[in-house]
Amino acid sequence: MSAQGFPPPPAGQFYPTMTVPTNEKPTGAFVLSLIAGIFILLGGWALIGVGNYLSSISFGLQGGELVALGVVGAVMGILVVIFGVLLYVTPQNHVVYGVLILILSIASLFTALGGLILGLILGIIGGALGIAWKPSQTVIVAPPVAPQGMGRACLKCGWMVAPNTQFCPHCGNPIT
Ligand SMILES: [Zn+2]
């Protein structure tokens, strides 16, 4: 928030402010989550391959467990991609999706070889960026008009209005 170029407000007055949604999207978090999800999927896939190989040579339980873990890891990779897309489409829910991406990325250590490490790292960064993303910003709409002589502030929005004005030129509130 900045009042650059505006004269300081009169004592006891505040410039009207407005929270406006920015058109910016959490693009960085989106791209990182997408790549992370793909690598977590690949990590799960690799684990399935290793499990199948172990099963083929020893018929041991170990192989079957690895395959099951890999399937879970692959699904988690797909979920990270989906949450990354949702983060981009509905950025107002950026905290929820950021946390989910973060948790799934860390959990991929146990189910998808950490997304071949790259998925783990990018997912943590992407999730953290998603959580920290700023959805909107407060801006000063305009300095209040400071009329010569006596002025008064609109009770609804704080805009300074000239004497004998019936309605606030800013918000239309009747000036009593
Ligand atoms: Zn007003």
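## A tour starting from Gly 84

Start by selecting Gly 84, which you'll find in helix 2. Keep in mind as you click around that this is a predicted model. Is Gly 84 buried or exposed? Count its surroundings: Gly 84 has 29 C-beta neighbours inside 10 Å, and a residue is called buried at 20 or more, so Gly 84 counts as buried.

Now add Ala 29 to your selection. Gly 84 and Ala 29 sit 55 residues apart along the chain, yet their C-alpha atoms are separated by just 7.3 Å. Which other residues does Gly 84 touch, if you skip its neighbours within four places in sequence? Light up Phe 30, Ser 33, Leu 34, Gly 37, Ile 101 and Gly 126.

Time to zoom out. Show the whole chain as a cartoon and you can pick out five helices and four strands. Follow the chain along its sequence and the pattern reads β-α-α-α-α-α-β-β-β. Of its 176 residues, 32% count as buried. Contacts between residues 24 or more positions apart make up 64% of those with a separation of 6 or more.

Next stop: the core. The largest nonpolar core has 26 residues. To see the ones with the most contacts inside it, select Ala 29, Ala 36, Ile 40, Val 80, Phe 83, Ile 101 and Ala 112. Colour helix 1 (27-58), helix 2 (61-89), helix 3 (94-111) and helix 5 (118-132), since each of these supplies at least two core residues. Which helix gives the most? That's helix 1, with nine residues.

Stay with the core and click on Ala 36. Leaving out its neighbours within four places in sequence, Ala 36 is in contact with Val 80, Ser 105, Gly 115, Gly 119, Leu 122, Gly 123 and Gly 126. You've met Gly 126 already, on the contact list of Gly 84.

For the last stop, hide everything except helix 1 and helix 5. Their axes are 8 Å apart and they pack at an angle of about 150 degrees. Angles over 145 degrees count as roughly antiparallel, so that's what we call helix 1 and helix 5. Helix 1 passes helix 5 in a left-handed crossing. On the helix 1 side, the contact is made by Gly 28, Ala 29, Leu 32, Ser 33, Ile 35, Ala 36, Phe 39, Ile 40 and Gly 43. Across from them on helix 5, select Leu 118, Gly 119, Leu 122, Gly 123, Ile 125, Gly 126, Leu 129 and Gly 130. Colour this contact by class and you get 10 nonpolar, seven polar and no charged residues.

Key:
Residues are numbered from 1 along each chain as its sequence is written. This is a predicted model: local features need pLDDT of at least 70, side-chain atom pairs count only at pLDDT 80 or more; totals for chains, interfaces and linings use all residues. A nonpolar core is a set of buried Ala, Val, Leu, Ile, Met, Phe, Trp, Tyr and Cys residues joined through C-beta atoms within 7 Å. A residue is buried if 20 or more other C-beta atoms lie within 10 Å of its own, exposed if 12 or fewer, and partly exposed in between; C-beta atoms are placed from the backbone. Two residues are in contact if their C-beta atoms, placed from the backbone, lie within 7 Å. Axes are lines fitted to C-alpha atoms, for helices over the stretch in contact, and angles run from 0 to 180 degrees between N-to-C directions. Angles under 35 degrees count as roughly parallel, over 145 as roughly antiparallel, 65 to 115 as roughly perpendicular and the rest as oblique. A crossing is left-handed if the near helix is turned anticlockwise from the far one by less than a right angle, and right-handed if clockwise. Ala, Val, Leu, Ile, Met, Phe, Trp, Tyr, Cys and Pro count as nonpolar, Asp, Glu, Lys and Arg as charged, and the others, Gly among them, as polar.
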